Amino acid sequence: MSFDAHGLVPVVVQQEGSGEVLMVAWANREALDLTLKTRTSWFWSRSRKELWNKGATSGNMQQMRRVLVDCDADTLVYVVDSPGPACHTGHRSCFFREVPLA
């Protein structure tokens, strides 16, 4: 796995079955290790500078199904079963707004 200069790697989170993109976040080595160990999604918050277990507060814990790595080993995809909203706004996905095409 290739982490950037800040020790981070981007993570795309996808719903198992539908392939819906739920969110994009960052992971450091410890977050990735915790994800693999606990089978729930862990990330590194760049703004708060701390680890966070997605859904630990809301109860919508993402259960890990697979972890995929891209061909350059610098981006991950977490394929999860997400029981509820993945977005802090309450939306199923963080990608609920559309930019109109010109």
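This is a short tour of one chain, from the whole fold to its pockets and salt bridges.

**Stop 1: the whole chain**

Show the cartoon first. The model is predicted. The chain holds 1 helix and 6 strands. From start to end, the order is β-β-α-β-β-β-β. The radius of gyration is 13 Å, close to the 13 Å from the globule rule for 102 residues, so the chain is as compact as a globular protein of that length. Turn on the C-alpha trace. Along its principal axes, the trace spans about 35 × 35 × 30 Å.

Now colour by accessibility. Of the 102 residues, 32% are buried. Then look at contacts. Among those with a separation of 6 or more, 41% are between residues 24 or more positions apart.

**Stop 2: the largest pocket**

Select M23, V24, A25, W52 and H88. Of the 16 residues lining the largest pocket, these are the closest to its centre. The pocket has a volume of about 330 Å³.

Next, select β2 (21-27) and β3 (42-45). These are the elements that give two or more residues to this lining. Which of the elements gives the most to the lining? The answer is β2, with 4 residues.

Colour the lining by residue class. You should find 10 nonpolar, 3 polar and 3 charged residues.

**Stop 3: the second largest pocket**

Select K54, G55, A56, T57 and S58. They lie nearest the centre of the second largest pocket, which 13 residues line. The space inside is about 180 Å³. Apply the class colours again. This lining has 5 nonpolar, 6 polar and 2 charged residues.

**Stop 4: the salt bridges**

Show side chains for the charged residues. How many salt bridges are there? The count comes to 4.

Start with E20 and R92. Their closest N and O atoms are 3.8 Å apart, and the two form a salt bridge. This pair links distant parts of the chain. E20 sits in the loop between β1 (9-15) and β2, while R92 is in the segment after β6 (76-81). The two are 72 residues apart. Check their surfaces too. E20 is partly exposed, at 32% relative accessibility. R92 is also partly exposed, with a relative accessible area of 32%.

Move to R48 and E50. Their side chains meet in a salt bridge, with 3.0 Å from N to O. Are these residues buried, partly exposed or exposed? R48 has a relative accessible area of 46%, so it counts as partly exposed. E50 is partly exposed as well, at 39%.

Finish with R65 and D81. Here the side chains form a salt bridge at 3.4 Å, N to O. This pair, too, joins distant parts of the chain: R65 belongs to strand β5 (residues 63-69) and D81 to strand β6, 16 residues apart. R65 is partly exposed, at 41% relative accessibility. D81 falls in the partly exposed class at 30%.

Keep R65 and D81 on screen and add E16. Which residues do shared salt-bridge partners join into one network? They are E16, R65 and D81.

**Last view**

Bring both pockets back beside the salt bridges. Put labels on β2, which gives 4 residues to the lining of the largest pocket. Then label E20, in the loop between β1 and β2. Leave K54, G55, A56, T57 and S58 highlighted to mark the second largest pocket.

How values were computed. Residues numbered from 1 in each chain as written. Predicted model: local features only at pLDDT ≥ 70, side-chain atom pairs only at ≥ 80, totals over all residues. Heavy atoms only, no water. 1 Å grid on protein atoms, 1.4 Å probe; cavity = no way out; pocket = protein on both sides within 12 Å on 5 of 7 lines; lining within 4 Å. Points joined across faces, edges and corners; volume = space filled by probe spheres on them. Nonpolar A, V, L, I, M, F, W, Y, C, P; charged D, E, K, R; others polar. Buried < 20%, exposed > 50% of the residue type's maximum accessible area, 1.4 Å probe, protein only. Rg over C-alpha atoms; globule rule 2.2 N^0.38 Å. Contact = heavy atoms within 4.5 Å.
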